[in-house]
Amino acid sequence: MHNDHNVFVQAIKEKRKVLLTCSRGEQTQTETKLLVPVYYGPETLESISDSYHFWDASVDTGECIASLPQSQIARMEISEESFDPANL
């Protein structure tokens, strides 16, 4: 689990979005996005390791779930912006 795992859990409980800073692929650059935390667990039934899963409404494709292993996450912070699970 990531050092900010408790932030992820608290954001879900409080229905608040997180500011996620993560690395982009194999690049050393990072990006920060405002995302809805969804769950922590395997990506598929065959997955060996767990990942953090987020709802990314800014994506134009039909795939709005962003799944990241803890190794790609630099930081998670709770934002002031709330979300309604019924609207996801």
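## A walk from the α1–β1 loop to the core and the pocket

K15 is found in the loop between α1 and β1, where helices (H or I, at least four residues) and strands (E, at least two) are DSSP runs numbered from the N terminus. Its phi is near 55°, a positive value in a residue other than glycine. K15 counts as partly exposed because its relative accessibility is 42%; on this scale buried means under 20% relative accessible area, exposed over 50% and partly exposed in between, with a 1.4 Å probe and protein chains only.

Before going on, a word on what you're looking at. This is a predicted model, in which local features need pLDDT of at least 70, side-chain atom pairs count only at pLDDT 80 or more, and totals for chains, interfaces and linings use all residues. Residues are numbered from 1 along each chain as its sequence is written, and side-chain values use heavy atoms, with hydrogens and water left out. As for pLDDT, that's the predictor's confidence in each residue, from 0 to 100. The protein averages 88, and 91% of the residues score at least 70. Confidence is highest in α1, at a mean of 97, and lowest in β4, at 87.

Back to K15: it is one of the residues that S82 touches. Setting aside neighbours within four places in sequence, S82 is in contact with K15, R16 and K17, contact being heavy atoms within 4.5 Å. S82 itself sits in strand β5. From there to E31 is 51 residues along the chain, and the C-alpha atoms are separated by 21 Å.

Helix α1 is home to Q10, which counts as partly exposed because its relative accessibility is 36%. Q10 and P37 are 27 residues apart in sequence, yet their C-alpha atoms are 9.7 Å apart in space. Now compare strand β3, where D50 lies. D50 is partly exposed, since its relative accessible area is 36%. Beyond its neighbours within four places in sequence, D50 is in contact with Y40, G41 and P42. Between D50 and E81, 31 residues apart in sequence, the C-alpha to C-alpha distance is 26 Å.

Next, the inside. The largest nonpolar core has 12 residues: V7, F8, A11, V18, L20, C22, L35, Y52, F54, L68, I73 and M76. Such a core is a set of buried Ala, Val, Leu, Ile, Met, Phe, Trp, Tyr and Cys residues joined through side-chain atoms within 4.5 Å. Two or more of its members come from each of α1 (5-14), β1 (16-23), β3 (50-55) and β5 (73-82). Take L68 as a way in: leaving out neighbours within four places in sequence, L68 is in contact with L20, C22, S51, Y52 and I73.

L68 also helps line the largest pocket, along with L20, C22, S23, R24, E31, K33, L35, D56, I65, A66 and S67. Strands β1, β2 (30-42) and β4 each give two or more residues to that lining, and β4 gives the largest share, 4 residues. By class, the lining has 6 nonpolar, 2 polar and 4 charged residues; Ala, Val, Leu, Ile, Met, Phe, Trp, Tyr, Cys and Pro count as nonpolar, Asp, Glu, Lys and Arg as charged, and the others, Gly among them, as polar. On a 1 Å grid over the protein atoms alone, a pocket is an open set of points where a 1.4 Å probe fits, with protein on both sides within 12 Å along at least five of seven lines, and lining residues have an atom within 4 Å of a point. The volume is about 190 Å³, meaning the space filled by probe spheres set on the points, which are joined across faces, edges and corners.

A last stop on the lining is A66, in strand β4 (residues 65-68). A66 counts as partly exposed because its relative accessibility is 21%. Away from its neighbours within four places in sequence, A66 is in contact with Y52, H53 and F54.
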